[in-house]
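Student: Got a minute to go through this one with me? I'd like to start with helices, then look at the odd backbone spots.

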Amino acid sequence: MSTVATSQIKLTPEEARPRASVRSRLQDALPKIVLAPSFAITIVFVYGFILWTIYLSFTNSKTFPSYAITGGRAYQRLWNWTFDTDPPSSWYTSITNMGIFGFLYIAICLALGLFLAILLDQKIRGEGVLRPIYLYPMALSFIVTGVAWKWFLDPGLGLEQTLHQWGWTSFHFDWIKNKDFVIYTVVIAGVWQASGFIMAMFLAGLRGIDGEIMKAAQIDGATTFQLYRRIVIPLLRPIFLSAFIVLAHLAIKSYDLVVALTSGGPGGSAWLPSNFMYEYTFKRNEMAVGSASAVIMLMTIVAIIVPYLYSELREKPR
Amino acid sequence: MLRKLLIGTALASGLAFAAHAEDVKEVQMLHWWTSGGEAAALNVLKQDLAKEGYAWKDVPVAGGGGDAAMTALKAMVAAGNYPTASQMLGYTVLDYAAAGVMGDLTETAKKEGWDKSVPAALQKFSVYDGKWVAAPVNVHSVNWLWINKAVMDKIGGTEPKTFDDFIALLDKAKAAGVTPLALGGQNWQEATMFDSVVLSTGGPEFYKKAMNDLDDASLKSDTMKKSFDNLAKLVTYVDPNFSGRDWNLATAMVIKGDALVQVMGDWAKGEFHAANKTPGTDFLCYRFPGTDGSVIYNSDMFGMFNVPDDRKAAQVALATATLSKSFQSAFNVVKGSVPARTDVPDTDFDACGKKGIADLKKANEGGTLFGSLAQGYGAPPAVANAYKDVVSKFVHGQIKTSDEAVTELVKAIDDAK
């Protein structure tokens with residue numbers, strides 16, 4: 001009895017509210033309604049297909065998906081290939097290349113981007129012209145970058161040939177044809193493309209730093225180096241996070257750059273895991289192995305990004 | 001009873017009439033023949049079909065190449081939306097047939113006599129479980145040498161008949177300061193050349209055992225080691241800049257006279273024709289030394305899907321037109337390959353084409369027509385690609401000796417099976 005009474009009492013304030021409540025409730029719900037389709041699409045096409053890929057990696061799917069779970073043979077094969085170093089298996093080549101490429105690409109892009117941004121921030125003349133010049137490579141697709149650098153680095157067509165014609169005949173640069181160095185040419189082309197964009201991110205960050213802090217430090221007698229080392233770079237920490245995440249995902253999905261620049265490299269020596277995944281899934285009709293390699297790529301990126309995000313985002317609410 | 005029969009007949013004929021009336025006069029075709037010569041060759045087929053009243057509709061493929069087309073096809077078939085036919089290669093046809101999505105053209109095949117005119121080796125891929133599921137369009141063969149005649153005359157070379165002759169010829173070119181061998185250092189080109197090397201080193205029997213039957217003993221044998229040694233010898237004659245080069249650029253080196261010879265399938269002839277070169281006077285086509293009498297082939301096929309009944313008439317028309325003698329001749333003259341049936345007159349073909357047709361006929365009769373492992377006609381894609389990996393790693397030095405190469409080859413093939 002008493003419950004009924006309380007619920008009745010509870011209802012009264014709601015009833016008492018004016019009729020406009022429908023409108024205000026709609027207003028409250030509007031963002032959710034607008035976001036719902038893209039949310040649903042993300043759920044299905046990103047997370048749904050991640051689960052789908054994980055599922056496929058435990059089947060023995062070949063040309064077409066097969067739905068009977070048959071165990072972790074695909075992972076077992078990848079595991080065996082991981083230790084096939086002499087001669088290197090395609091999987092071993094792919095993951096070591098990922099390590100080399102990922103580390104150098106992210107490190108050089110961050111360093112170069114920051115350096116260029118600091119230089120451009122010195123209130124120089126013509127900044128408006130210089131900035132887009134550095135930024136434009138990002139507007140090109142990886143395919144264009146790859147083909148342009150392929151020609152430029154080709155000893156018979158590009159840099160080496162030109163310098164030979166100019167008389168410097170001892171000049172030798174054939175990395176793109178060399179199985180041990182070809183991955184570094186991918187780094188060069190990748191850095192060329194992305195560092196301008198990273199520069200723009202850092203430049204925005206630098207412009208956001210309060211001038212008063214800088215002045216205060218200068219009055220306290222800080223040298224320029226100290227100023228950047230102790231004040232500016234620590235203040236740019238959120239930019240480092242964003243830049244890192246942008247670069248990390250660009251690195252892990254670099255597929256087209258390798259194909260356009262090296263067509264896989266001599267004996268497949270320029271492969272990245274994404275090339276491995278595509279080859280095995282679509283060309284070799286080994287969908288289970290391809291899916292397993294995709295899952296491992298996902299795990300790798302999760303292992304790097306999640307702790308980083310966690311440590312960065314935790315400090316925010318101080 | 002009689003009345004029932006009459007009604008039944010009336011209904012049936014009515015249905016037949018209705019079905020006939022609703023026949024879709026359109027052929028939906030998935031293919032990646034979009035470049036100049038290929039598109040021109042395909043136009044012949046479009047016109048033939050237009051004469052019979054069938055419209056041609058290309059299924060659009062984003063990105064162009066064969067891989068993109070196969071990915072698109074997979075998606076279409078998964079969605080139950082079959083094209084009338086699709087350009088397909090080798091084991092792909094059998095994969096789709098095993099998945100039960102291919103049509104049945106056996107009646108048409110019987111009427112047109114395909115069983116007798118299409119080489120038995122090709123029927124392995126166009127006939128599944130006794131049913132015709134694909135129409136072969138052409139036969140390419142890969143054991144060819146393409147030689148620049150001007151360079152050949154300059155160094156005073158003659159047609160090499162054995163592998164040792166070939167090495168001697170390459171030495172002559174080297175001495176004359178010409179790049180002896182034009183090679184593109186991509187895995188499929190290296191493996192395509194190695195197909196010929198194996199046939200030359202081990203002979204037809206050995207090629208079949210090792211490269212088509214994947215017999216373990218043959219793959220491990222000393223003959224296979226010797227084949228790898230011979231490949232290593234050939235690789236010493238390429239220019240230092242060969243790695244990653246596209247096949248048509250390698251052909252261009254021969255056309256320009258920068259290089260003496262390229263080992264490549266007969267699609268290279270298209271490049272010579274595009275540069276207005278004539279066989280016999282500007283360039284020479286010989287069989288790879290020691291492989292005369294045998295043909296290593298690959299073939300383009302039109303896979304025929306199990307389309308709804310109202311589209312079957314169009315499909316039959318397409319298949320009939322594809323294997324008609326007139327189209328086979330007209331198409332292959334332009335494409336550089338040879339007809340997929342052995343009873344097509346060779347009058348319109350050039351010297352290389354005539355030799356190709358004669359060789360195919362001889363190889364078919366003598367049982368020396370073999371699928372190219374590098375081109376995916378020797379074994380399923382997983383095995384073929386494992387093979388390409390090993391050959392390419394051997395050429396580029398990740399695999400150092402022929403002993404190691406043979407061990408790796410056996411391991412890779414076992415793993416992929």
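Tutor: One definition to begin with: the expected span of a helix is 1.5 Å times one less than its number of residues. Also keep in mind that this is a predicted model.

Student: OK. How many residues does helix H14 of chain A have, and what should they span?

Tutor: H14(A) covers residues 287-314, which is 28 residues. At 1.5 Å a residue they should span 40 Å. The end C-alpha atoms are 39 Å apart, so the two values agree.

Student: Which residues in H14(A) are buried?

Tutor: The run is A:Met287, A:Ala288, A:Val289, A:Gly290, A:Ser291, A:Ala292, A:Ser293, A:Ala294, A:Val295, A:Ile296 and A:Met297.

Student: And what do the buried residues of H14(A) pack against?

Tutor: Four helices of chain A: H2 (21-57), H3 (73-82), H11 (237-252) and H13 (273-283).

Student: Switching chains. What about the span of H12 in chain B?

Tutor: H12(B) takes in residues 222-235, 14 in total. From first C-alpha to last it reaches 20 Å, close to the 20 Å expected. Its buried residues are B:Met224, B:Ser227, B:Phe228, B:Asn230, B:Leu231 and B:Leu234. They cover an arc of only 160 degrees around the axis, so they sit on the same side of H12(B).

Student: What covers the buried residues of H12(B)?

Tutor: The cover includes helices H9 (163-175), H10 (187-212) and H11 (216-220) of chain B. Strand S9 (179-182) is also part of it, as are helices H18 (381-396) and H19 (402-416).

Student: Now the backbone. Where is the cis peptide bond?

Tutor: Between A:Asp86 and A:Pro87, with omega about -10 degrees. A:Pro87 is in the loop between H3 and H4 (90-120) of chain A. Most peptide bonds are trans.

Student: Which residue in the loop between H4 and H5 of chain A should I check for phi?

Tutor: A:Lys123. Its phi is near 50 degrees, positive although the residue is not glycine.

Student: Is A:Lys123 buried or exposed?

Tutor: Exposed, because A:Lys123 has 6 C-beta neighbours inside 10 Å, and 12 or fewer counts as exposed.

Student: What is phi for B:Asn276?

Tutor: Near 60 degrees, again a positive value in a residue other than glycine. B:Asn276 lies in the loop between helix H14 (268-274) and strand S11 (283-287) of chain B. B:Asn276 is exposed too, with 8 other C-beta atoms within 10 Å.

Student: Last one. How is chain A split into domains?

Tutor: The domain assignment gives domain 1 (2-49) and domain 2 (73-314). Their centres, taken over C-alpha atoms, are 45 Å apart.

Key
Residues are numbered from 1 along each chain as its sequence is written. Chains are lettered from A and ligands numbered from 1 in the order in which they are written. This is a predicted model: local features need pLDDT of at least 70, side-chain atom pairs count only at pLDDT 80 or more; totals for chains, interfaces and linings use all residues. Domain bounds come from an automatic or database domain assignment. Helices (H or I, at least four residues) and strands (E, at least two) are DSSP runs, numbered from the N terminus. A residue is buried if 20 or more other C-beta atoms lie within 10 Å of its own, exposed if 12 or fewer, and partly exposed in between; C-beta atoms are placed from the backbone. The arc is that of the directions from the helix axis to the C-beta atoms. Two residues are in contact if their C-beta atoms, placed from the backbone, lie within 7 Å.
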